[in-house]
Amino acid sequence: MTTRPSDAPWADGPFALIPTPSQRLKDNLSYVHVASEMSHVHNTLIRGLNAILQQAPHVPDASTPATYNPKDVTDLLFYVRCWCEMVNHHHGVEEAFIFPEFEKFAGQPGLMEDPRHQHSLFHDGMERLLAYAKATKPDEYRWISQGGNGMKDIIDSFSKALTDHLYAEIEVLLGLGHLDSAGLRETWDKAEKIAQANGNLGLLVSLAIALLCDHERSC
Ligand SMILES: [Fe+2]
């Protein structure tokens, strides 16, 4: 679903990337810019999730001692932890700054209520995954567990709600075409600045993962 054929199709699944809105909408208005910028961010998050789902099954755990390497599991869990922190930071910034700024500018309280509600649908699953990635010892790590407590089980419990949200929010932003274009751009730039000023160390840690996940973004 990228706007150009991917040269790494194995990295673009199982969850499809979001086509960049500016590739098909040529009216040069701010709602297209905002939706396109957001689609880049969301594709970074989707790529990170795809990477976990693609790579983790090939990292042997302690149940296969012949191929198990604790360092590989430690690295995998660190990657998952960074990805969780990146996702949480993005949604925290939206709720604290971006959504309120949009609602204030539009004069429509509740304008961003759908995406705000969608955040709550995967919040607990994300927190469970983050806790698992932080606390699990390499020897205890399992991708699939008979008791349903493996890392795959945790991810499967919320990945559809998360990706449904990442797709749906772009449609909400594409619905802002009725707002004054210059004002919307100003609001977006202001919200971005506030968000940047409220970055944290977790975001810095996430930078490396973002660079890895974003290198193929469709522009
Ligand atoms: Fe978003």
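Let me begin with E94 and E169, both of which are buried, where buried means under 20% relative accessible area, exposed means over 50%, and partly exposed lies in between, using a 1.4 Å probe and protein chains only. These two residues link distant parts of the chain, with E94 in helix α2 (residues 70-106) and E169 in helix α5 (residues 159-174), 75 residues apart. When I speak of helices I mean DSSP runs of H or I with at least four residues, and strands would be runs of E with at least two, numbered from the N terminus.

Before going further, I should say that this is a predicted model, in which local features need pLDDT of at least 70 and side-chain atom pairs count only at pLDDT 80 or more, while totals for chains, interfaces and linings use all residues. Residues are numbered from 1 along each chain as its sequence is written, and side-chain values use heavy atoms, with hydrogens and water left out.

What coordinates the iron ion? The donors come from H42 (NE2), H90 (NE2), E94 (OE) and E169 (OE), at 1.8 to 2.2 Å. A donor here is an N, O or S atom within 2.8 Å of the metal (3.2 Å for Na, K and Ca), and since water is not among the atoms, sites may look incomplete. The four donor atoms make angles of 77 to 173 degrees, and the site is classed as square planar, a label that requires, for four donors, opposite donors over 155 degrees apart and all other angles between 65 and 115. Along the sequence, the spacing of the donor residues reads H-x47-H-x3-E-x74-E.

One of these donors, H90, lies in helix α2 and counts as buried at 11% relative accessibility. Leaving aside residues up to four places away in sequence, H90 touches M38, V41, H42, L45 and E169, where a contact means heavy atoms within 4.5 Å. For H90 and L45, which are 45 residues apart along the chain, the C-alpha atoms are separated by 9.3 Å.

Stepping back to the whole protein, we have seven helices and zero strands, so the pattern along the sequence is simply α-α-α-α-α-α-α. Of its 219 residues, 44% count as buried, and among contacts between residues at least 6 apart in sequence, 78% join residues at least 24 apart.

Now to helix α3 (residues 113-135), whose 23 residues should span 33 Å at 1.5 Å a residue, and whose end C-alpha atoms are indeed 33 Å apart; the expected span is 1.5 Å times one less than the number of residues. Where does α3 bend? The bend is at F122 and comes to about 40 degrees, taken as the angle between axes fitted to the seven residues ending there and the seven starting there. F122 is also among the buried residues of α3, which include P115, H119, M126 and L130. The buried residues of this helix pack against α2, α4 (151-156) and α5.

Why does C82 form no disulfide? Its sulfur is 9.3 Å from the closest cysteine sulfur, in C84, which is too far for a bond, given that a disulfide is a pair of cysteine sulfur atoms within 2.5 Å. The structure as a whole holds zero disulfides. Both cysteines are nevertheless in the buried class, C82 with a relative accessible area of 4% and C84 with 0%.

Finally, I would like to turn to the segment before α1 (30-55), where P14 lies. In general, most residues other than glycine have a negative phi, and most peptide bonds are trans. Against that background, a cis peptide bond joins G13 and P14, with omega at about 5 degrees. N28, found in that segment too, has a positive phi of about 60 degrees although it is not a glycine, and N28 is exposed, with a relative accessible area of 73%. D12 also has its place in the segment before α1, but D12 counts as buried at 16% relative accessibility. The C-alpha atoms of D12 and Q54 are separated by 9.6 Å, although the two residues are 42 apart along the chain.

Conventions. Four donors count as tetrahedral if all angles lie between 85 and 135 degrees; four count as square planar and six as octahedral if opposite donors are over 155 degrees apart and all others between 65 and 115; anything else is irregular.
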